[in-house]
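Q: Could you take one part of this structure and go through it closely, describing its surroundings step by step? I would like a connected account rather than a list.

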Amino acid sequence: MRRLFVLLASFAAILLPADVLAAPKPPTATAVFAGGCFWCMENDMRGIPGVLKVESGYTGGHVAKPTYRDVTSERSGHYEAVRVTYDPAKLDYGFLLYKYWKLVDPTDDGGQFCDRGPSYRPAVFVTPEQRPIAEKSRAEAAKRLKTGTMKAQILPAQTFWPAEAYHRDYARNHAIEYHAYRMGCGRDLRLKQVWGG
């Protein structure tokens, strides 16, 4: 009997597509945020419960397959950004936005912290379905600011280009350099001024 079962299972594995045999994957959702240095955004967003994956990359520009050099030259039109994959059963997009605002200085449209230039501006890149949620969240965040006025934009989602391998997981792979950069850039001090606490 056992041999018959093994034989039938073997035939099923050969004849049926792999996706039929595989356990169904729970649905995921994605969101794209720009907030200055993607090393910092990647590290901070990763700590939010319900976030499954955070990727550093580039979006919003007009050059295909941009490199870091293309983006930081400020000629490609891209933003340094992160693509966040999350479990919508555990994390609501609106709450993810709430957490995002606390990680950026949305009053600064000239860059973020010590990183200056258009590629470092804060922005939320949205699908048509995400736009009303993002607009409402932006208005609510503007009321919570302790200083300045809201300047971060809500922009249409565009192609997201993953960053070069050496930029990915930078905080984990280069912890000393990352923390020295973050402290030297004054990110956390400025966030306390903007949001309080």
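A: Two strands are taken to pair here if DSSP finds at least two bridges between them, and the model to which this is applied is a predicted one. The part chosen is strand S2, residues 51–59, in which seven of the nine residues are buried, so that the strand is largely enclosed by the rest of the structure. Burial in this sense means under 20% relative accessible area.

With strand S3, residues 79–86, S2 runs antiparallel and is joined by eight bridges. Within this pairing, valine 51 stands opposite tyrosine 86 of S3, while valine 54 stands opposite valine 84 of S3. Strand S8, residues 161–162, is also antiparallel to S2, with two bridges joining them, and in S8 tryptophan 161 is the bridge partner of tyrosine 58.

These pairings belong to an open sheet of six strands with mixed pairing, whose order is S7-S6-S1-S3-S2-S8. Strand S7 (153–156) and S8 stand at the edges with a single partner strand each, and therefore one side of each has no neighbour in the sheet. Helix H6, residues 131–144, packs on the sheet through contacts with strand S6 (122–126) and S7, and its direction makes about 170 degrees with that of S7.

H6 also leads to another helix, since the buried residues of helix H9 pack against H6 as well as strand S1 (29–35), helix H3 (38–46), helix H5 (93–101) and helix H8 (175–185). In H9, which spans residues 187–195, the buried residues are Arg187, Leu191, Val194 and Trp195. They cover an arc of only 75 degrees around the axis, which means that they lie on the same side of H9. On the other side of H9, Leu189 and Lys192 are exposed, and just after the helix glycine 196 takes a positive phi of about 80 degrees.

As for the nonpolar interior, the largest nonpolar core has 41 residues, of which Phe33, Met45, Tyr93, Leu96, Trp101 and Val124 touch the most other members. If residues up to four places away in sequence are not counted, the contacts of phenylalanine 33 include Ala81, Val82 and Val84, as well as Met41, Met45, Tyr93, Leu96 and Val124. Apart from that core lies another, of eight residues, among them Ala34, Tyr79, Ala81 and Phe125.

Terms used: Residues are numbered from 1 along each chain as its sequence is written. This is a predicted model: local features need pLDDT of at least 70, side-chain atom pairs count only at pLDDT 80 or more; totals for chains, interfaces and linings use all residues. Side-chain values use heavy atoms; hydrogens and water are left out. Buried means under 20% relative accessible area, exposed over 50%, partly exposed in between (1.4 Å probe, protein chains only). Helices (H or I, at least four residues) and strands (E, at least two) are DSSP runs, numbered from the N terminus. Contact means heavy atoms within 4.5 Å. Axes are lines fitted to C-alpha atoms, for helices over the stretch in contact, and angles run from 0 to 180 degrees between N-to-C directions. The arc is that of the directions from the helix axis to the C-beta atoms. A nonpolar core is a set of buried Ala, Val, Leu, Ile, Met, Phe, Trp, Tyr and Cys residues joined through side-chain atoms within 4.5 Å.
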